[in-house]
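Student: Could you take me closely through one part of this model, namely how its helices pack and how they sit with the strands around them? Please keep the geometric criteria explicit as you go.

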Amino acid sequence: ASPFHSSKKFGVEAVGDTVLKVSLKLPDKDFPKLVANPIFRPVYDGGSAVEHRTGRPAVTNGAFRVVEMDESGITLVKAEDYWNAKSVALSRVRFVSAPSAEAALDAYRRGEIDIVTNASFEPVALKLLSPYEDFRQTTHSALNFYEFNTSHAPFNDRRIREALAVAIDRDRLADADLEGTTKPAKKFFPLGDKNAEALTFDVQKALSLIENAGYPNGAGFPPVRLVINRNNTQQRVARSVARMWKQNLNLETEIIVKEVSEINDVRVSGDFDLVRRGVVLPTNDDLVNLELIFGSARKNIEKPVVEIKPESALAANGDKQLLNEEVGQGSSKTAAASRGPQDDNLSVITEADAIFELKAIPLYYPISFSLIKPYVSGFEMNALDAPSLKEVSVDSNWQPSNARRES
């Protein structure tokens with residue numbers, strides 16, 4: 001399914017056999033970037049992986065085409081009918097799988113493979129590999145977070161939500177509990193606005209917020225019901241967060257473990273204070289990403305979290321001034337703070353707004369790890385974990401200048 005299935009930004013209609021018509025409901029200057037996502041690449045609805053059902057070789061819009069696919073791997077060859085084929089250096093690419101990260105690393109060291117990606121290296125291996133120049137780390141465009149049930153008191157008070165958010169030491173969480181396999185999330189989007197307000201660790205601010213909300217040093221605060229899925233990593237993270245809330249705010253936490261299949265039922269029923277969630281963010285577009293993070297929670301929480309009205313179309317396209325004029329305020333934060341419930345559907349249209357509203361607590365971003373031989377150039381991992389091969393080349397005359405620089 002498309003990652004944009006729940007977005008209100010555009011509708012899709014099939015026209016004939018080969019033409020796709022897309023009608024935008026809101027103007028979006030980044031629409032070409034959205035449809036460049038691999039999810040929109042054309043595929044045939046029948047035939048083998050190599051040929052169309054008519055018997056003709058499969059024609060795609062990519063620099064390579066599939067010529068072989070079996071249990072041992074996938075083979076690609078250069079597509080001579082690619083519009084810019086003359087710039088493609090590789091003539092053949094072979095994808096192979098490995099039963100484990102250790103097996104992949106052994107094959108890499110023996111020179112049997114040139115690149116290793118998506119390998120789940122153990123933390124000890126990551127520490128040993130990190131000094132080498134052929135070891136790469138890339139922040140993945142995904143987010144792990146705790147979603148609030150804002151229909152439950154006292155979590156309908158933003159001061160409480162911020163206190164819980166800034167009482168978490170995300171650096172310690174990523175470095176110690178997750179052993180360097182993640183990056184601390186001090187905002188919602190790893191690829192979003194670099195100037196967005198960050199959720200930095202601040203115990204004194206958290207204590208002040210919770211006191212102003214009527215719970216000095218946590219007195220009288222009900223136990224926080226935190227629902228997580230049955231996963232060793234998530235249980236370790238939850239226990240660490242619960243310790244931080246206890247040490248920093250004197251709050252008790254009840255960790256409720258559910259099966260993955262039960263998490264959505266819990267969200268629908270609203271029987272939680274916070275629930276652990278994770279999403280993959282397939283684009284840099286704020287509205288699409290906010291929809292993925294908050295959109296499905298609308299029917300579960302009394303007030304909608306993300307909803308864009310037609311009259312805010314220009315604001316959704318970046319015209320912040322227009323939105324401020326619509327609500328009669330000088331800034332988005334002031335506007336969000338002064339609007340009544342009837343205007344809550346205008347409150348979250350950017351990452352900065354989401355940080356101000358704090359309907360969820362961002363925790364960490366996953367990291368993708370790769371090994372790339374120094375004679376391979378042009379291969380770059382990206383946050384969407386979708387590397388392109390069209391600019392990759394191999395220097396057959398390469399010689400190592402320092403053997404210690406390669407893992």
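Tutor: What follows begins with the helix contacts, moves to a β-α-β unit and ends with a separate sheet.

This is a predicted model, in which local features need pLDDT of at least 70, side-chain atom pairs count only at pLDDT 80 or more, and totals for chains, interfaces and linings use all residues. Residues are numbered from 1 along each chain as its sequence is written, and side-chain values use heavy atoms, with hydrogens and water left out.

Helices and strands here are DSSP runs numbered from the N terminus (H or I over at least four residues for helices, E over at least two for strands). The axes of helix 5 (residues 170-177) and helix 7 come within 11 Å and cross at roughly 140 degrees, where axes are lines fitted to C-alpha atoms, for helices over the stretch in contact, and angles run from 0 to 180 degrees between N-to-C directions. That angle makes helix 5 oblique to helix 7, because angles under 35 degrees count as roughly parallel, over 145 as roughly antiparallel, 65 to 115 as roughly perpendicular and the rest as oblique. The crossing of helix 5 and helix 7 is right-handed, a term used when the near helix is turned clockwise from the far one by less than a right angle, anticlockwise being left-handed. With contact taken as heavy atoms within 4.5 Å, Arg172, Leu173 and Asp177 in helix 5 meet Arg236, Val237, Ser240, Val241, Arg243, Met244 and Gln247 in helix 7. By class, the residues of this contact divide into four nonpolar, two polar and four charged, where Ala, Val, Leu, Ile, Met, Phe, Trp, Tyr, Cys and Pro count as nonpolar, Asp, Glu, Lys and Arg as charged, and the others, Gly among them, as polar.

Helix 7 (residues 232-249) also belongs, with strand 10 and strand 11, to a right-handed β-α-β unit; right-handed means that, with the strands pointing away from the viewer, the path from the first strand over the helix to the second runs clockwise. Strand 10 (residues 224-229) and strand 11 (residues 253-258) pair in the parallel sense over six bridges, pairing being assigned if DSSP finds at least two bridges between two strands. Within this pair, Ile228 stands opposite Val257 in strand 11. In the loop between helix 7 and strand 11 lies Asn250, whose phi is near 60 degrees, a positive value in a residue other than glycine.

A second helix pair is formed by helix 4 (residues 158-166) and helix 6 (residues 203-212), whose axes come within 8 Å and cross at roughly 155 degrees. Helix 4 is therefore roughly antiparallel to helix 6, and their crossing is left-handed. The contact of helix 4 with helix 6 has seven nonpolar, one polar and three charged residues. In the loop between strand 8 (142-148) and helix 4 is Pro154, joined to Ala153 by a cis peptide bond with omega about 5 degrees.

Elsewhere, three strands form an open antiparallel sheet in the order 3-4-5, with strand 3 (64-70) and strand 5 (92-95) as the edges, each pairing on one side only.
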